[in-house]
Each structure stands twice: as C-alpha cells, then as structure tokens.
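Subject: Structure for your review

Dear colleague,

I am handing over the structure we spoke of, with the sequence alongside it. Please open it first, and then read the notes below with it in view.

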Amino acid sequence: MLLKLLLLICAQLCEPTALLLTASPSRPIEGNSMTLTCKTQLLPQKLHFQLQFCFFKDDYALEQNCNNSPKFQITAMRRKDSGSYWCEAPISGHKVIRSKRIQIHVQTIPVYNVRLETQPPGGHVMEGEKLVFVCLVTGGTGDITFRWYKGSLGSKLEVKTQHSLTAKFEIPMVKESDADKYYCAADNGYGPSLSGLVSITVRIPVSHPVLTIKAPGAQSVVGDVVELHCEAWRGSPPILYQFYHEDVTLGNSSAPFGGGASFNLSLTTEHFGNYSCEANNGLGAQRSEVVSLNITVPTEDRLELTSAIFEGLIGIPVLTTVTLLFYCWHKRKTGRRSAREPLRNLPSPEPQEFTILNSTTPVRPRPEYENVNVVSGDEVYSLVYSVQQEWQSAAAESLNTQTEDKDPSVIYSGLKNARIIDVDYENDVDYENDVDYENDVDYENDVDYENDV
C-alpha cells in the first residue's frame, strides 16, 4: 500500500508538465528560413519513453504526423506565414502536453531600385523585329506585382505577379506605331515603385523615292535653273539623297528630320537625258524611277549644237571624205580653166577703123563686146564678130581694096585704163555656157574667108 503511493507520487513528479516553443530567427524576413524548436522542461534522460512532437500554426498542423524530432523548419517565409505557432507532445494514455503560443511576424522588404531594360538594348529596333521589356528590382521580399505602361499618360499594357525580382513583357513584331516612351512598376504590398522612362525608336527602311523635276516654264530652256526634288514617303531620318544624270552623280543633299531634299541645276545643252535619285538612311538604299528631261535650244544656239552633234556622230572619217571631194572638185575646175587659157591670150592685132558706106563722115561702128578678160597690164580686150553685108559692087570693091590685107571678121578694140575689181572668172565668165566657140563662132559657117573675102 505504501509502495503504490510512492509510485503515484513519483509519476506525477517525473512527467513533463510543460513544453517550450522557440523560433529562430524570432523576426524572420520574408523569403528567409525559420526553424521552430519544441523543448521539454525535464531532461530527456529522466523520461522513461520517447516523446512525439507536433507543430501547429494557428489551429492547423504544419505536418500530417507527429515525429520524434523536436524541430521544424520553414525554408522560405512569406507574409502569409505570419501568425501564432505552438507545439504539443502526447504522453501516457490520452494525455497531451502543449507549449505556449508564440507570435511570429514575417518581416517584408519593399521593392527598391526598379528599372526597365530592353532587348535589343538601347531602345532601337527595326520594324518587324521582336522587342522585349525587362522590369527589374534590386531588392524586395515576397511576391512582386509587375506592370508595364506606354506613353506619358500610362496606358497599361501587361500585369504579372511572381515571386521573382525580374519579369518580362514582349512585343512579337514591332510596328511604327510602337515608337513611344515606356516604363514599368513593381509592388510587393508597400505600394508601387516606378522605373524611369525608356524611349523606343522604331527604325524604318526608306521606301522607293519619287523624283520630280520643276522648271520655271512649260519647257526647259538652256540657261534655266531647274529643281530636282527627291522624296521617300517612308523612312526613319536622317535620309541622304543622291542625284544622278545618266548614272553619273550630280550631287547629294540630306534631310536630317525626314521628308525630301532638292538639288538645283543650271541647264546646258549637255543636260538633256535621264535623271534619277537614291535615298539611304543606313538601313538600305532605294532608287527612284528614271525621269527624262528634254531641253529646248534657242535659235542662235542651234547651229552650234548641230555642228557639235554632227562632229560627234559623223566623226573624222566623214570629214576627211568631204575634204577629199572638195579638193578633187577644185582641181577639176582649175584644170578646165587652164585648158582654155590660150583663147584668152589671143594675139592682139592693130586696131582698125571702119567706114560706113554711103556716109560722108567716117564713124566707128558700135561694137558688141563679149567675154571681157584682162590680158595684161591695164588694157582690157574684147573680141567682136562682124557679119558682112552685100553692098553695091563698086562700094564692095573699094572696101575690099582698102581691107584686102585685113580680116574684117575679127576686130580687136582696146579699152585702156579699165580696172576690173573682184571679177570671179569662175562665176561671171563661164566659158562653157557664155562662150561656146564651136557654136557661137563658127569659122566655117559664119566667117568664110574664101567666100566673103
């Protein structure tokens, strides 16, 4: 009886009357780990059985089954892990001992140093390429909500919430309208933190330019100043324009803010032909269609232009041929005049005086002159032909007596001190046309010495 009483007193004194729960660290930071330890107030060697420990948060068990380890670890604390923690351990029978509750408050860190980056970097992207926006934070705990905005007014593009310090948003194919300013925001429960603005430039290759030629009047005339205007309707500035005449560079002009550019040209006869221009903004060059320019040449300049074209097209061989033909023609004319030279230099007989029959006063007949020619010195001679008339026989005999030693059909008259200036024998005296000795002077028919004299 006394023994049973002693055992009962010893059992009550040897049983653990309480458990002690501790947390390490006692003020955990969100994202870090925390270890819970359940301790008894008696030393383990004084216990005659092994305890099983169970851990709880608020009214929920952290594990399905209790185990003999007095420790429990939470690898990554979150804000939702804040609350009341305690542990318990069953002993003999249905008796359970519990620890006191401890309050755990998970410490969170607001996000900070939010920035926006782009891929490709620099914010320059070609039209049609993919553009990626990366929102990053240097620090912050817990789940972070990321938002992306376009423009200064903050048009919302995308929202993502994740337990990460970075998040991405992408545009698969960039369009010209995507060129703008962008920013992002990050929030882990302490309010949003904004990044700086990032400008996105969409680089657009130039389109085919259009060339126009502006002249002062309806027609382009030599001496006019015409304007060559080249413009590409699409393309990111700056744009460099090149102007060509028959694929030869005339000059260039730049459009630093986009649009078109002009080049002035003072027209000469060499500027007619085809013109074109080229646009280039570093993303590829594009050539315009060919535009033809016709130039009107003034009347006074046409002769020079015709001569220049003739020399250019015909060339030296044809000019040489023309020179040879002229030389042959001149030689032929010179030879023809030389062949008739003896007729010009006929011997000059002494001048004679003729008496008109039946007239008391001797009168020199009025001669008819043909083929006037300078023979020598200052004397000019003409050859005169006289046809005899049938007079009375007595008079004829008297005349024949006086002129029996003379040739009455050929008479030379001398005209002294006659000076001929600028006489063109080739043109004014044409021996073939004006003097035909075989037709006009027929010695056998018109002057018959045997019959008339």
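What follows is an account of the disulfides, the strand pairings, a nonpolar core and one threonine. Please keep in mind throughout that this is a predicted model, and that the values below are computed from it.

Disulfides

Counting pairs of cysteine sulfur atoms within 2.5 Å, the model comes to 4 disulfides. If the bonded cysteines of the chain are numbered in sequence order, they pair as 1-4, 2-3, 5-6 and 7-8. I describe three of the links here.

In the link between C38 and C87, the sulfur atoms are 1.9 Å apart, and with 70° about the S-S bond this link is right-handed. The pair ties together distant parts of the chain, since C38 belongs to strand 2 (residues 34-40) and C87 to strand 6 (residues 83-90), with the two positions 49 residues apart in numbering. Both of these cysteines, C38 and C87, are buried.

The second link joins C54 to C66, with an S to S distance of 1.0 Å. A disulfide is a covalent bond between the sulfur atoms of two cysteines, and you may wish to keep that in view when you look at the distance given for this pair, 1.0 Å, beside the 1.9 Å given for C38 and C87. The torsion about the S-S bond of C54 and C66 is about 90°, so this disulfide is right-handed. It too links distant parts of the chain, with C54 in strand 3 (residues 54-57) and C66 in the loop between strand 4 (60-61) and strand 5 (71-74), 12 residues apart. As for burial, C54 counts as buried because its relative accessibility is 7%, whereas C66, at 34% relative accessibility, counts as partly exposed.

The third link is formed by C135 and C184, whose sulfur atoms are 2.1 Å apart. Its torsion about the S-S bond is about 75°, so the disulfide of C135 and C184 is right-handed. This pair also connects distant parts of the chain, C135 lying in strand 11 (residues 131-139) and C184 in strand 15 (residues 181-187), 49 residues apart. C135 counts as buried because its relative accessibility is 0%, and C184 counts as buried at 0% relative accessibility as well.

A sheet and a nonpolar core

Strand 11, which holds C135, is also part of an open sheet of 3 strands, arranged in the order 9-11-14 with antiparallel pairing. Strand 9 and strand 14 are the edge strands of this sheet, each pairing on one side only, and neighbouring strands are turned against each other by 15° on average, direction ignored. Between strand 9 and strand 11, which run antiparallel, there are 7 bridges, and in one of these pairings L116 has C135 of strand 11 as its bridge partner.

Nonpolar side chains tend to be buried together in soluble globular proteins. Here the largest nonpolar core has 22 residues, of which F133, F146, W148 and I200 touch the most other members. At least two residues of this core come from each of strand 9 (112-119), strand 11, strand 12 (144-150), strand 14 (166-171) and strand 15, with strand 11 giving the most, namely 4 residues.

T118

One residue of strand 9 deserves a separate look, namely T118, which counts as buried because its relative accessibility is 11%. The side chain of T118 reaches the backbone oxygen of P120 at 3.1 Å, and a polar atom of that same side chain lies 3.4 Å from the backbone nitrogen of G123. Setting aside neighbours within four places in sequence, T118 is in contact with G123, L131, V132, F133, V198 and I200; F133 and I200 are also among the core residues that touch the most other members.

Strands further along the chain

Strand 21 (residues 225-231) is joined to strand 19 (residues 210-214) by 5 bridges, and the two run antiparallel; here L211 has C230 as its bridge partner in strand 21. Strand 21 is likewise joined by 7 bridges to strand 24 (residues 260-266), again running antiparallel, and the bridge partner of E227 in strand 24 is N264.

With best regards

Key. Residues numbered from 1 in each chain as written. Predicted model: local features only at pLDDT ≥ 70, side-chain atom pairs only at ≥ 80, totals over all residues. Heavy atoms only, no water. Buried < 20%, exposed > 50% of the residue type's maximum accessible area, 1.4 Å probe, protein only. Pairing = 2+ DSSP bridges. Core = buried A, V, L, I, M, F, W, Y, C linked by side-chain atoms within 4.5 Å. Axes fitted to C-alpha atoms, helices over the stretch in contact; angles between N-to-C directions. Polar contact = N/O pair within 3.5 Å; in protein donor to acceptor, adjacent residues only side chain to side chain. Contact = heavy atoms within 4.5 Å.
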